Amino acid sequence: MTYSDAIHFLYNLRWFGAKLGLENTFKLAALAGNPQHRLRFIHVAGTNGKGSTCAMLESIYRAAGLRVGLFTSPHLVAFGERIQVNRHLISEADIARLATELQSLLRQGWPAASTAPRTANPAPKTDHPTFFEVITLMALCYFAERQCDLVIWETGLGGRFDSTNIVTPLASVITNIQFDHQKWLGETLASIAAEKAGIIKPGIPVITAAEGTEPLRVIEQTARRLQAPLTTLTPAHALHPPLDILSLPLSGRHQRLNAAVAVATVRALAAHFPVSDELIRAGLSQVQWAGRLQLLTRPDGQKVLLDGAHNVGGAEILTTAVKEYFPSARITLVLGILRDKDWPGMCEILAPLAARILPVPVPSERSAAPEELAALCRRINPHAQTSPHPSLHSALAQTTPADFVIIAGSLYLIGEALELLHFSPATATPERGLNEWDQPTAPPQPCLPAAS
């Protein structure tokens with residue numbers, strides 16, 4: 001495959017939709033020689049803060065001299081963001097090579113599904129691996145090839161039946177428990193916590209900053225049943241050394257708690273990887289994570305705050321940060337939200353921040369309609385000037401007079417904004433659509449001829 005072929009191949013895997021379960025991933029891993037058995041992991045789950053915590057852990061261990069793999073999702077612009085070693089993205093050549101190898105394994109393990117004709121409606125009933133199952137193995141193969149000392153391993157959805165849960169880590173991290181993905185994880189915090197706690201393994205240390213009686217009870221009961229040592233953190237831990245004298249590059253008080261989780265994890269693994277407080281501070285002082293309270297300045301001096309607040313918890317964090325850091329700013333809010341999120345709840349939180357609101361579509365088949373967002377925002381904040389726009393490009397053209405713009409509501413939107421604002425180079429082959437983990441509404445296009 002060429003790189004373009006590989007991206008097309010990955011796009012076509014969306015045809016198999018999303019499903020929770022480990023059978024396919026274990027089978028595919030076995031066909032690939034079980035690369036996970038040659039690696040050591042820190043497995044990170046949680047509703048919010050997973051990516052930031054992963055970035056902090058990666059930065060700390062890289063400062064300590066380790067070769068560190070990082071697997072996260074979604075990507076903002078380029079697919080390679082998901083699979084990194086020492087913060088170098090997997091190359092296009094390696095993606096093409098591994099996609100070719102994985103396609104061969106798919107034909108070997110699922111011959112009927114790989115060659116069956118596909119139609120738009122109804123969807124084929126098949127056990128063929130999904131996009132996320134395949135890229136999970138792509139990451140494992142790559143990290144094993146690169147002989148990573150440690151892999152920071154973020155769950156995709158939930159934990160218990162997430163494809164990433166085929167590994168036995170050195171530590172399991174659950175950042176927090178909030179409402180999100182209820183369709184998949186359940187309608188209560190207890191049920192969501194149970195799915196996230198599915199990454200806990202017998203005797204393996206668990207670190208969490210989850211709050212609330214129900215989520216904590218579930219995590220504590222699971223850890224106790226599996227005899228897994230549990231460390232529970234609160235915001236007070238963010239004031240303990242070495243964080244007490246550290247200025248984090250990532251904005252927001254919530255990031256200090258994420259940092260406390262990272263520090264507690266590093267200390268729990270001191271027997272495997274001893275890291276001094278000096279190196280912890282060095283790693284945290286250099287951490288980078290795009291799209292989360294990321295403040296940019298355009299050539300004309302306009303300030304743009306990008307934040308992938310994609311659920312109610314994220315919207316609350318964004319609101320708290322804006323009130324703390326920009327209390328007197330006159331805000332223009334560009335808002336795009338996926339319709340399968342609690343978009344009314346997010347509008348309730350975010351609309352009062354702004355003097356002007358420009359709802360836009362998210363580049364996703366699951367986008368909430370800008371007109372619906374606008375109608376609700378007008379009811380919530382009738383004093384704001386609110387007008388929907390057919391695209392982010394159109395909305396940005398109307399922000400020229402504004403001194404301070406916030407773009408928020410979905411990480412998909414943040415990736416588009418980074419490209420349009422020229423803060424991230426556009427990819428030759430559009431790749432943001434690979435974040436669509438749900439089944440597409442149109443049939444895939446041919447990628448490569450079936451094996452003869």
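A residue counts as buried here when its relative accessible area is under 20%. Keep that in mind for the views below, which come from a predicted model.

**View 1. Strand β14 is enclosed by its surroundings.** Five of the five residues of β14, residues 404–408, are buried, so the strand is largely enclosed by the rest of the structure. Have a look at both of its faces: F404, I406 and A408 lie on one side, V405 and I407 lie on the other, and all are buried. In a regular strand the side chains alternate between the two faces of the sheet.

**View 2. Strand β14 has parallel partners in β10 and β11.** Strand β10 (residues 303–307) runs parallel to β14, and five bridges join them. Within this pair, L305 stands opposite I406. Strand β11 (residues 331–335) also pairs with β14 in the parallel sense, over five bridges. Here T332 has V405 of β14 as its bridge partner.

**View 3. Helix α13 is largely enclosed.** This helix covers residues 343–350, and six of its eight residues are buried, so the rest of the structure largely encloses it. The buried residues are W343, G345, M346, C347, I349 and L350. They pack against α12 (312–325), β11 and α14 (370–380).

**View 4. An open sheet is built from eight strands.** Read across the sheet, the order is β4-β3-β2-β5-β1-β6-β7-β8, with mixed pairing. At the edges are β4 (88–89) and β8, each of which pairs on one side only. Strand β2 (residues 68–71) pairs with β5 in the parallel sense over four bridges, and V68 stands opposite L150 of β5. Helix α3 (residues 50–63) packs on this sheet, where it touches β1 (41–45), β2 and β5. The direction of α3 makes about 175 degrees with that of β5. Helix α9 packs on the sheet too, touching β6, β7 and β8, and its direction makes about 160 degrees with that of β8.

**View 5. Helix α9 turns one face inward.** The 13 residues of α9 (residues 213–225) should span 18 Å at 1.5 Å a residue, and the end C-alpha atoms are indeed 18 Å apart. Buried along this helix are P215, L216, V218, I219, T222 and A223. Seen down the axis of α9, these buried residues fall within an arc of 160 degrees, so they line one face of the helix. An α-helix has 3.6 residues a turn, so residues three or four places apart point the same way. Which residues are exposed on the other side of α9? They are T213, R224 and R225. The buried residues of α9 pack against β6 (171–174), α8 (189–196), β7 (206–208) and β8 (230–232). After the helix comes Q227, with a positive phi near 50 degrees.

**View 6. F79 sits in the largest nonpolar core.** This core has 43 residues, and L10, F79, F143 and W153 are those with the most contacts inside it. At least two core residues come from each of α1 (3–13), α2 (23–31), β3 (83–85), α4 (92–109), α6 (131–145) and β5 (150–154). Helix α6 gives the most, with 12 residues. Leaving aside residues up to four places away in sequence, F79 touches I7, L10, I95, F131, I135, M138, E431 and L434. A second, separate core has 38 residues, including L70, I207, L243 and L250.

Terms used:
Residues numbered from 1 in each chain as written. Predicted model: local features only at pLDDT ≥ 70, side-chain atom pairs only at ≥ 80, totals over all residues. Heavy atoms only, no water. Expected span 1.5 Å × (residues − 1). Buried < 20%, exposed > 50% of the residue type's maximum accessible area, 1.4 Å probe, protein only. Arc of directions from axis to C-beta. Contact = heavy atoms within 4.5 Å. Pairing = 2+ DSSP bridges. Core = buried A, V, L, I, M, F, W, Y, C linked by side-chain atoms within 4.5 Å. Axes fitted to C-alpha atoms, helices over the stretch in contact; angles between N-to-C directions.
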